[in-house]
Amino acid sequence: GGGTGDVQPWLFGGTVSGYGMGGHTQDGNSDAIVEFSLASFTTASDTGNLSVGRHNTHGCQSPTQGYTCAGKNNSGVDTNIVDAFPFANPAAGATDVGDVSVARHNPSGANSETNGYMAGGSGTGDMIDKFSFTSFTTASNIGTLSAGAMSGGHGHSSPTHGFASRHLVIEKYPFASDTNSTDIGALTSSSRGWGCGQSSETHGFVSGNEPVSNAIDKFSFASGGTAVGHGVLFHSRTNPGPASSLTEGYTIGGDGSQDNVIDKFSFSSNTTAADVGDLPFNMRYMTGCHN
């Protein structure tokens, strides 16, 4: 915006904390919620718990709560659970506040000021779901991905649109209307998947990859097109969790040589990410959010 008025910076980046939720630890499926400062930190804190431990979920945030959606439970069964925990007191833990339309794992997430979104996921193919932050029981299926099924993709949010990216596809769908997405571009490689997605106000970023990679991609929300390389992670990994501040992207844990590391990279400069802190234990296949 113009620098005045009621701006909602949390929509695409936090100012206080980043969070990692669920996933796998060395002890198996996790229900952990860990918190780290976006201003200064060395080791994240284990602050709370999800209602059910699960992995391969997606996360998003409202102004007051963090959400963990879908994923596989301890029995390896897809769930439809949507958990929410309060940013004001994450130690209180998450509560089950509703359901996605169909149980799944590995979806891509986004959020507007008022709603959370899920796109794709194993078992649901090309579905786009929407749920209200203020009142919902079951998410609504509002459209489909134009490029077809997507699992293991990356979610991004601009002030007006949600994005889902994987391989040579970047999908864009509007928050203002319930409709199908459009294919607006491609990531840098056909192997870009199972990393994590971060968002600045103007660009989407993808960090990590399967197979294990240190690559970071960057693409424009406004113009789309083919993404460009944007520096590299300090530690290569796959299946990490994401968080964003207003100026930097965070890559949390993941499967690689350093499963407990948190990397930070600048949105504005094409440089190598810095190792800025540690998780309280190894975490992978988790999701993330910020406030």
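This is the transcript of a short presentation on one predicted protein model.

Good morning. I shall begin with the chain as a whole, then turn to its cavity, its cores, its cysteines and a few residues of the backbone.

The model before you is predicted. Its chain has 291 residues, and buried residues make up 57% of them. The secondary structure consists of 27 strands and 0 helices. Along its principal axes, the C-alpha trace spans about 40 × 40 × 40 Å. If we take the contacts with a separation of 6 or more, 51% of them are between residues 24 or more positions apart.

Let us now look inside. How many cavities of 30 Å³ or more are there? The count comes to 1 cavity, and its volume is about 440 Å³. The lining of this cavity is made by 37 residues. Those nearest its centre are G59, G155, G197, P242 and T287. Several strands give two or more residues to the lining, namely β6 (58-61), β10 (108-111), β14 (154-157), β18 (196-199), β22 (241-244) and β27 (287-290). Which classes of residue form this lining? There are 24 polar and 13 nonpolar residues, and no charged residues.

I turn next to the nonpolar cores. In soluble globular proteins, nonpolar side chains tend to be buried together. In this model the largest nonpolar core holds 14 residues. The members that touch the most others are V34, F36, Y250, I252, I262, L279 and M283. Two strands, β4 (32-37) and β23 (248-252), each supply at least two residues of this core. The largest share, 3 residues, comes from β4.

L279 is a useful residue to select on the screen. Apart from neighbours within four places in sequence, L279 is in contact with V34, T43, A44, I252, G253, D259, N260, I262 and M286. There is also a second, separate core of 12 residues, and among its members are V82, A84, V100 and F131.

The cysteines are our next topic. A disulfide is a covalent bond between the sulfur atoms of two cysteines. How many disulfides does a search of the whole structure find? The search finds 0. C69, for instance, is in no disulfide, and the nearest cysteine sulfur, that of C60, is 4.8 Å away. The cut-off for a disulfide is a pair of sulfur atoms within 2.5 Å, so this pair does not qualify. C69 counts as buried because its relative accessibility is 0%, under the limit of 20%.

C196 is likewise in no disulfide; the nearest cysteine sulfur belongs to C289 and is 13 Å away. Is C196 buried or exposed? C196 counts as buried, because its relative accessibility is 3%. C196 is found in strand β18. From C-alpha to C-alpha, C196 and S108 are 9.2 Å apart in space, while in sequence they are 88 residues apart. Leaving aside neighbours within four places in sequence, C196 is in contact with H154, F205, V206, S207, P240, G241, P242 and T251.

A second residue to select is K130, which lies in strand β12 (residues 127-132). K130 and S112 are 18 residues apart in sequence, and their C-alpha atoms are 10.0 Å apart. If residues up to four places away in sequence are not counted, K130 touches N115, G116, Y117, A139, S140, I142 and D178.

Finally, I shall consider the backbone. Where is there a cis peptide bond? One such bond joins E210 and P211, with omega at about 10°. P211 lies in the loop between β19 (203-207) and β20 (213-220).

Two asparagines also deserve a look. N56 has a positive phi of about 55°, although N56 is not a glycine. N56 is in the loop between β5 (45-49) and β6. With a relative accessibility of 11%, N56 counts as buried. N239, also a residue other than glycine, has a positive phi near 55°. The place of N239 is in the loop between β21 (224-238) and β22. N239 is buried, with a relative accessible area of 5%.

To close, I return to the main picture. This predicted chain has 27 strands and 0 helices, and its one cavity of 30 Å³ or more has no charged residues in its lining. Thank you for your attention.

Technical notes:
Residues numbered from 1 in each chain as written. Predicted model: local features only at pLDDT ≥ 70, side-chain atom pairs only at ≥ 80, totals over all residues. Heavy atoms only, no water. 1 Å grid on protein atoms, 1.4 Å probe; cavity = no way out; pocket = protein on both sides within 12 Å on 5 of 7 lines; lining within 4 Å. Points joined across faces, edges and corners; volume = space filled by probe spheres on them. Helix = DSSP H or I, 4+ residues; strand = E, 2+ residues; numbered from the N terminus. Nonpolar A, V, L, I, M, F, W, Y, C, P; charged D, E, K, R; others polar. Buried < 20%, exposed > 50% of the residue type's maximum accessible area, 1.4 Å probe, protein only. Core = buried A, V, L, I, M, F, W, Y, C linked by side-chain atoms within 4.5 Å. Contact = heavy atoms within 4.5 Å.
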